Amino acid sequence: MAFDLKKSLATLAPTLASMLGGPMAGMAVTALEGALGLAPGAGQAGITEVMQGAALTPETAAAIRAADEKHAEVMGQQGIDILKLNADADAAKDQVAAGDRDSARKMQIAKPSYWPGVLATVTTVAVVGIIIASMFGAKLPSEPVAVQLIGSLTTGWGSCLAYWVGTTRNSANKDALLAQSVPS
């Protein structure tokens with residue numbers, strides 16, 4: 001199991017831990033490098049190495065707590081809420097992804113392409129073929145790469161179903177109907 005730096009810091013330095021993975025991660029890494037006595041640029045890999053190893057002494061833990069308290073105080077003075085800032089960054093990523101999906105739907109409405117149907121048909125035929133073959137006793141390959149490819153194929157098939165009969169297709173139909181409607 002991989003070492004989770006953010007989780008391991010959560011009780012020792014909650015402010016710095018919440019900054020990791022967010023828009024202020026660089027500040028947290030710099031503060032942790034200083035508290036741990038690491039050279040600038042050691043990054044999360046250097047911090048993780050110290051946190052995992054036996055090098056975490058009571059003095060080092062105290063230095064990390066002090067750096068955390070300092071950052072919490074500075075953030076409070078500046079009126080910065082780290083949790084809200086991280087949530088806003090996640091919301092911005094979601095908004096970009098939603099805009100990307102919306103532009104793809106609009107393109108399909110404005111200039112329909114036959115490729116989504118072709119890809120969905122090929123994927124469906126492949127999945128049904130694998131199911132029928134296994135029902136009639138065909139031994140499916142057990143090599144890791146083959147198993148991964150079959151798993152990816154079935155995942156893609158689920159995406160095809162969601163597009164044609166699921167929420168994406170319904171949303172595209174709704175968008176087309178709304179575009180043709182007259183405001184009341």
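A helix here is a DSSP run of at least four residues, numbered from the N terminus. With that in hand, welcome to a short tour of this predicted model.

**View 1. The whole chain is built from helices, with no strands.** Let's start with the overall picture. The secondary structure amounts to 9 helices and 0 strands. Reading from the N terminus, the elements follow the order α-α-α-α-α-α-α-α-α. The chain has 184 residues, and 24% of them count as buried.

**View 2. H3 and H4 pack against each other at an angle of about 40 degrees.** Helix H3 covers residues 25-36, and helix H4 covers residues 43-52. Their axes lie 10 Å apart. The angle makes H3 oblique to H4, because angles from 35 to 65 degrees fall outside the parallel, perpendicular and antiparallel classes. The two helices cross in a left-handed way.

**View 3. H7 and H8 cross at roughly 130 degrees.** Here we move further along the chain. Helix H8 spans residues 144-165, while helix H7 spans residues 115-135. The axes of H7 and H8 come within 9 Å. At this angle H7 and H8 are oblique to each other, and H7 passes H8 in a left-handed crossing.

**View 4. Trp115 belongs to a nonpolar patch on the surface.** Where is Trp115 found? Look in helix H7, which covers residues 115-135. Trp115 has a relative accessibility of 46%, so this residue counts as partly exposed. Its companions in the patch are Tyr114, Val118, Leu119 and Val122. Together, the five residues Tyr114, Trp115, Val118, Leu119 and Val122 have about 530 Å² of accessible area.

**View 5. Ala120 in helix H7: buried or exposed?** Ala120 sits in helix H7. Its relative accessible area is 8%, so Ala120 is buried; the cut-off for buried is under 20%. Ser159 is 39 residues away from Ala120 in sequence, yet their C-alpha atoms are 8.9 Å apart in space.

**View 6. Thr124 is another residue of helix H7.** How accessible is Thr124? With 30% relative accessibility, Thr124 counts as partly exposed, because partly exposed covers the range between the buried limit of 20% and the exposed limit of 50%. Now find Trp157, which is 33 residues from Thr124 along the chain. A distance of 6.3 Å separates the C-alpha atoms of Thr124 and Trp157.

How values were computed:
Residues are numbered from 1 along each chain as its sequence is written. This is a predicted model: local features need pLDDT of at least 70, side-chain atom pairs count only at pLDDT 80 or more; totals for chains, interfaces and linings use all residues. Side-chain values use heavy atoms; hydrogens and water are left out. Patches are made of residues with over 30% relative accessible area and no salt bridge: like charges are joined within 9 Å, nonpolar side chains (Val, Leu, Ile, Met, Phe, Trp, Tyr) within 5 Å. Accessible areas come from the Shrake-Rupley method with a 1.4 Å probe; for residues, only the protein chains shown count as cover. A salt bridge is a side-chain nitrogen of Lys or Arg within 4 Å of a carboxyl oxygen of Asp or Glu. Buried means under 20% relative accessible area, exposed over 50%, partly exposed in between (1.4 Å probe, protein chains only). Axes are lines fitted to C-alpha atoms, for helices over the stretch in contact, and angles run from 0 to 180 degrees between N-to-C directions. Angles under 35 degrees count as roughly parallel, over 145 as roughly antiparallel, 65 to 115 as roughly perpendicular and the rest as oblique. A crossing is left-handed if the near helix is turned anticlockwise from the far one by less than a right angle, and right-handed if clockwise.
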